[in-house]
Amino acid sequence: MLGVLLSLSFVHLVTQAAPPTGSPVPCKRCCDDLQPAEDSAAPPAGGGYNQLPQVRAYINMTILKGDKGDRGERGTPGKTGPEGPPGAIGPMGSKGSKGQAGLPGDPCKVQHAAFSVGRRKSLHSLEAYQALIFDTVFVNLDNHFNMFSGKFVCHTPGIYFFNVNIHTWNFKETYLHIMRNEAEQAIVYAQPSDRSIMQSQSLMLDLNANDEVWVRLYKRERENAIYSDDVDIYVTFNGHLIKASSE
């Protein structure tokens, strides 16, 4: 009985409570109280329910890729680019086969030139220079020494050795030159003396083709002479090739 009375008393208290006087409280999300950014175009949060978010369509283009097309025509070639640096030296190749024998060469030709001549007559100076003419031949290979002019003519260019020997005349000066063409190369000289002597001169010359080598007696402004006779040969002129230029 006591329980029934307590239940009735609780119901009476609930029915006697005053009804709410204000408007109903709307439903809110936890983030509705945040203020929008100043430059944002979003409307300020207000009462009631918010607007639904915009939905934008996105198409994945990769799933729309079609089949591979045909190959296009070949384009025109471009300009040649700059030459690149040389590459590294490659490995040595294998040895080739032996070639054919060549044609036989020209036979080895040794060059020779030599002369040795003498004079049996004395000679005195004149108003002009005189070439010493020789009348005796000891050696004259290929006649390169001209007995008429008294001059050796070079037919084989190269290095030559020359020597001249004379006999002086008593109390007279001896004055000669070994000449190359018209140029004096070496002197043969002896002062006047009461005794006659043998005098000699030697030299080497590098001759070109057609060069002439000869002995010249000085002219009369200096009284001079050389001695010889028909019995013995006192005056000689010699020369020979040492080394040809072509060797």
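**Exercise 1. With which side chain does the side chain of R216 make a polar contact?**

Solution. Before starting, note that this is a predicted model, in which local features need pLDDT of at least 70 and side-chain atom pairs count only at pLDDT 80 or more, whereas totals for chains, interfaces and linings use all residues. Residues are numbered from 1 along each chain as its sequence is written, and side-chain values use heavy atoms, with hydrogens and water left out.

Step 1. Locate R216, which belongs to strand 11, residues 212–217; strands (E, at least two residues) and helices (H or I, at least four) are DSSP runs, numbered from the N terminus.

Step 2. Look for its polar partner, which is the side chain of E184, at 2.6 Å. A polar contact is a pair of N or O atoms within 3.5 Å; within protein, one must be able to donate a hydrogen and the other to accept it, and residues adjacent in sequence count only if both atoms are side-chain atoms.

Step 3. Add the surroundings: leaving aside residues up to four places away in sequence, R216 touches Y129, Q130, Y175, L176, H177, M179 and E184, where contact means heavy atoms within 4.5 Å.

Step 4. Check the accessibility of R216, which is buried because its relative accessible area is 8%; buried means under 20%, exposed over 50%, and partly exposed in between (1.4 Å probe, protein chains only).

**Exercise 2. Find how many salt bridges there are and describe the pairs.**

Solution. Step 1. Apply the rule that a salt bridge is a side-chain nitrogen of Lys or Arg within 4 Å of a carboxyl oxygen of Asp or Glu; the count comes to 3 salt bridges.

Step 2. Take K151 and E212, whose closest N and O atoms are 3.7 Å apart. K151 lies in strand 6 and E212 in strand 11, so this pair ties together parts that are 61 residues apart in sequence. K151 is buried at 16% relative accessible area, while E212, at 26%, is partly exposed.

Step 3. Turn to D211 and R180, which meet in a salt bridge of 2.8 Å, N to O. D211 is in the loop between strand 10 and strand 11, and R180 in strand 8 (residues 174–180), so parts 31 residues apart in sequence are tied together. D211 is buried, with 9% relative accessible area, and R180 is partly exposed, with 22%.

Step 4. Return to E184 and R216, which also form a salt bridge, with closest N and O atoms 2.6 Å apart. Since E184 lies in strand 9 (residues 183–190) and R216 in strand 11, the pair ties together parts 32 residues apart in sequence. E184 counts as partly exposed at 45% relative accessibility.

**Exercise 3. Work out the strand order of the open sheet of 5 strands.**

Solution. Step 1. The order is 4-1-13-7-10, with antiparallel pairing; two strands pair if DSSP finds at least two bridges between them.

Step 2. The edges are strand 4 (136–140) and strand 10 (198–207), each of which pairs on one side only.

Step 3. Within the sheet, strand 7 (residues 158–167) and strand 13 (residues 235–244) run antiparallel and are joined by 8 bridges; I159 has K243 in strand 13 as its bridge partner.

**Exercise 4. Identify the element with the lowest mean pLDDT.**

Solution. Step 1. pLDDT is the predictor's confidence in each residue, from 0 to 100; the protein's mean is 81, and 73% of its residues reach 70 or more.

Step 2. Among the elements, helix 1 (residues 2–15) has the lowest mean, 47, and strand 6 (residues 151–153) the highest, 97. Over residues 8–18 the pLDDT is below 50, and this stretch has 0 contacts in the model beyond near neighbours in sequence.

Step 3. Where pLDDT is low, the predicted coordinates should not be read in detail.
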